[in-house]
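Student: Please take a close look at one helix in this model and explain how it sits among its neighbours. Then add whatever can be said about the parts around it.

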Amino acid sequence: MKSCIHIYCGDGKGKTTAAIGLAVRACGCGKKVLITRFLKTDHSGEVKALGGLDHITVTPCERSFGFFSKMSPEQKTEAEIYYSQLLETTLNKAATEDFQLLVLDEIMAVCNFGLVEERKVLEFLSSRPEGLEVVLTGRDPSEKLVEMADYVSEIRKVKHPYDRGISARQGIEY
């Protein structure tokens, strides 16, 4: 079976939710899933829920640097080192262990912010193990990523509570 590359992008809520839904579906069919999250802590509800599923491995995100726009130059350098290592570890694990689905949540953001080299993601995608489905999430995927993808779904914000001053709510947005 040919594996495909999926992109969930856009400014709307639901990119991660779509990726997690696909991961749960794959798990329910006995597929082994690896999920790595960038720019997010492990305090989201889905991390706890996914931890109880046998076929899903969620890579711990042990450091938080806050919003990129508020990081100092030193924090940006630390974040670049941390996320580059996280990506390298994830791609190595996906290449050497028997996973059928890899989710790189917010990979577009870390690429766009220059915290990881998009070239490494592109190289991995073009040489990934046969049968490894890959999901990429985040805003503004590059033309190269879109060209390489088999599925591109854009989630567009029409309306969001944040626009009315309502902060992210546990169990709904995280």
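Tutor: In this predicted model, helix α5 spans residues 118-127, and its buried residues are E118, V121, L122, F124 and L125. Buried here stands for a relative accessible area under 20%. Viewed down the axis of α5, these buried residues lie within an arc of 160°, so they line one face of the helix. The general background is that an α-helix has 3.6 residues a turn, so residues three or four places apart point the same way. On the other side of α5, S126 and S127 are exposed.

The buried residues of α5 pack against both strands and helices. The strands are β1 (5-9), β4 (101-105) and β5 (133-137). The helices are α3, α4 (107-112) and α6 (143-148).

One of these partners, α3, covers residues 73-96, and the loop that joins β3 (56-59) to α3 contains S69. S69 is exposed, as its relative accessible area is 65%, and exposed requires over 50%. From S69 to F113 the C-alpha to C-alpha distance is 9.6 Å, although 44 residues separate the two in sequence.

The strand before that loop, β3, pairs with strand β2 (residues 33-37) in the parallel sense, over four bridges. Within this pair, I56 of β3 is the residue opposite V33. Together with helix α2 (residues 45-50), β2 and β3 form a β-α-β unit that is right-handed.

Technical notes: Residues are numbered from 1 along each chain as its sequence is written. This is a predicted model: local features need pLDDT of at least 70, side-chain atom pairs count only at pLDDT 80 or more; totals for chains, interfaces and linings use all residues. Side-chain values use heavy atoms; hydrogens and water are left out. Helices (H or I, at least four residues) and strands (E, at least two) are DSSP runs, numbered from the N terminus. Buried means under 20% relative accessible area, exposed over 50%, partly exposed in between (1.4 Å probe, protein chains only). The arc is that of the directions from the helix axis to the C-beta atoms. Contact means heavy atoms within 4.5 Å. Two strands pair if DSSP finds at least two bridges between them. A crossover is right-handed if, with the strands pointing away from the viewer, the path from the first strand over the helix to the second runs clockwise.
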